[in-house]
Amino acid sequence: MTRPPPLDPAAAKNKLAARAREAGFDRIGVARIDIPEDERHLLRWLDAGFHGEMDYMRRHGTMRSRPQELVPGTTRVVSARMDYWPAAARDAEAVLSNAESGYISRYALGRDYHKVLRGALAQLAKELAQDIGPFGYRVCVDSAPVLEKAHARNAGLGWIGKHTNLIARDAGSWFFLGEILTDLPLPEDEPASAHCGTCTACITACPTAAIVAPYRLDARRCIAYLTIEHHSAIPEALRPAIGNRIYGCDDCQLVCPWNKYAHAAAHPDFKVRHGLDAARLTELFAWTEAQFEERMRGSAIYRIGYEKWSRNIAIALGNAPASEGVIRALEQRREGASALVREHIDWALERQRSGAVGVQSASRIDPGQNAF
Ligand code: B12
Ligand code: SF4
Ligand code: SF4
């Protein structure tokens, strides 16, 4: 029987980097597993209730900050970055300032990134095993209980900005992260240094004042949380500031000066689908559930389901300029809508009929105003 040659960690890392490029990743790095300071921030964040309805974040406990509790034997985290900026999409600012269009976050205009990254990471790990022999690993993308940004920072991929996203000096922040937790003793990279300096542009730009302090995000106020993760009614006080953002929010990243260094997505799966970069709200609202299922399958948007999709569009219609067309669209969907959606339709109709729309759609929430 032939034995595999003894592992050369540096050579294994070089192979990994080469295979990662072939698999479509823009950068990888290797980190140790311990992140005690980040664990403290996570626990303080949970104690403050900032996670809102994302109960799973509390349930996972320290497994989120200790990969060795998730996968025994783990000694390294391989962090991988894949850029998603859809360069051919309609200009973000133009869509945001057209209240009759729905703004969908740049990351969700193409295929669901969970599928893209998980597939690429699994391929990467399998090919590395062919190169160097079998090793222990688990791949993670978002859904696994791992503090991805902390590991990526320690792997040298970037720093956690004041808006709490990871930023790379040479690539901005429009990228996804994924990991391979492994028992391979790969050489570690140097953690990245931070470069926000005195800038506070993201904090000022946030429409709902969700960045309550540098590096501290109250998810309950964040439009990404409200439109994607929050299952029940959206607090009325926050609805006007949501404007026409119907899935996710990008404002804090759109103003970040480091994003002038962002790279366009190379992966074909991140190309815009179904004209989602500039769809009219009334047209989206007219979709039946069957049309939503058919068109959104394979997209990250599919995960929120037709009810939350309709809830979000109803809010945007409540923020749109008053018009007969919008009122008709809302009335047509009212009959047969679930109690949750009907409540949001009624709110929108009230605003449309009273003329309380338009100006508020562009407004920001006062940071002192508590919606809870
Ligand atoms: C839960 C979650 C959310 C929540 C909460 C966001 C958040 N900041 O925590 C919501 C739904 C709001 C959200 C929104 C978005 N998300 Co998200 N999300 C996650 C998820 C699943 C977990 C994040 C987490 O653990 N949060 C817990 C808190 C404690 O962590 P934190 O805010 O990051 O806090 C860290 C630091 O800020 C610091 N810290 C915290 N408090 C304090 C206090 C002080 C004083 C200091 C100094 C430091 C400090 O320590 C913490 C630990 O490192 C990750 C995937 C993953 N498994 O990691 C994706 C992830 C972070 N999301 C991602 C994306 C793309 C987004 C959106 C851009 C999507 C969109 N356009 O709508 C927005 C961005 C909003 C924003 N400004 O962060 C990407 C980010 C990629 C990147 N470049 O960083 C990730 C990594 C998913 C992925 N696999 O690519 N998300
Ligand atoms: S994603 Fe939007 S709402 Fe959330 S922190 Fe950034 S700007 Fe604020
Ligand atoms: S906008 Fe400024 S403060 Fe916010 S993350 Fe970017 S550099 Fe840091």
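These legends walk through several close-up views of a predicted model.

**View 1. Four strands side by side form an open sheet.** Let us start with the sheet, whose strands follow the order 1-2-7-4 with antiparallel pairing. Strand 1 (27–31) and strand 4 (137–140) sit at the edges, and each of them pairs on one side only. If you compare neighbouring strands here, they are turned by 20 degrees against each other on average, with direction ignored.

**View 2. Strand 1 pairs with strand 2 at one edge of the sheet.** The two strands run in the antiparallel sense and are joined over 5 bridges. One pair to look for is Val-30, which stands opposite Val-78 in strand 2. How much of strand 1 is buried? Of its 5 residues, 4 are buried, so strand 1 is largely enclosed by the rest of the structure.

**View 3. Strand 4 pairs with strand 7, and a helix lies across the sheet strands.** Strand 7 covers residues 175–182, and its antiparallel pairing with strand 4 extends over 4 bridges. Here you can find Val-139, whose bridge partner in strand 7 is Ile-180. Now look for helix 6 (residues 113–132): this helix lies across strand 2 (76–83), strand 4 and strand 7. Relative to strand 7, helix 6 runs at about 35 degrees.

**View 4. His-151 is a buried residue in helix 7.** Helix 7 spans residues 148–154 and is the place to look for this histidine. With a relative accessible area of 0%, His-151 falls under the 20% limit for a buried residue. Which residues does His-151 touch, leaving aside those up to four places away in sequence? They are Ala-31, Arg-32, Ile-33, Ile-35, Pro-67, Val-77, Ser-79 and Val-146.

**View 5. Two residues around strand 8 have a positive phi although neither is a glycine.** Ala-209 belongs to the loop between helix 8 (201–205) and strand 8, and its phi is about 55 degrees. Tyr-215 belongs to the loop between strand 8 and strand 9 (216–217), with a phi of about 70 degrees. Are these residues buried or partly exposed? Ala-209 is buried, at a relative accessible area of 8%, whereas Tyr-215 is partly exposed, at 43%.

**View 6. Ala-213 in strand 8 has its C-alpha atom 8.0 Å from that of Lys-162.** Strand 8 covers residues 211–213. Along the chain, Ala-213 and Lys-162 are 51 residues apart. Ala-213 counts as partly exposed, because its relative accessibility of 26% lies between the 20% limit for buried and the 50% limit for exposed.

**View 7. Helix 15 packs against helix 16.** Here you can follow helix 15 (residues 324–334) and helix 16 (residues 339–354), which pack at an angle of about 155 degrees with their axes 10 Å apart. The two helices are therefore roughly antiparallel, as the angle is over 145 degrees. Their crossing is left-handed. Which residues of helix 15 meet helix 16? They are Val-326, Ile-327, Leu-330, Glu-331, Arg-333 and Arg-334. On the helix 16 side, the residues they meet include Arg-342, Ile-345, Asp-346 and Leu-349.

**View 8. Cys-249 and Cys-252 are both buried.** The relative accessible area is 18% for Cys-249 and 17% for Cys-252. How many disulfides does a search of the whole structure find? The search finds 0.

Definitions and conventions. Residues numbered from 1 in each chain as written. Chains lettered and ligands numbered in written order. Predicted model: local features only at pLDDT ≥ 70, side-chain atom pairs only at ≥ 80, totals over all residues. Heavy atoms only, no water. Pairing = 2+ DSSP bridges. Axes fitted to C-alpha atoms, helices over the stretch in contact; angles between N-to-C directions. Contact = heavy atoms within 4.5 Å. Disulfide = S-S within 2.5 Å. Buried < 20%, exposed > 50% of the residue type's maximum accessible area, 1.4 Å probe, protein only. Parallel < 35°, antiparallel > 145°, perpendicular 65-115°, else oblique. Left-handed = near helix turned anticlockwise from the far one by under 90°.
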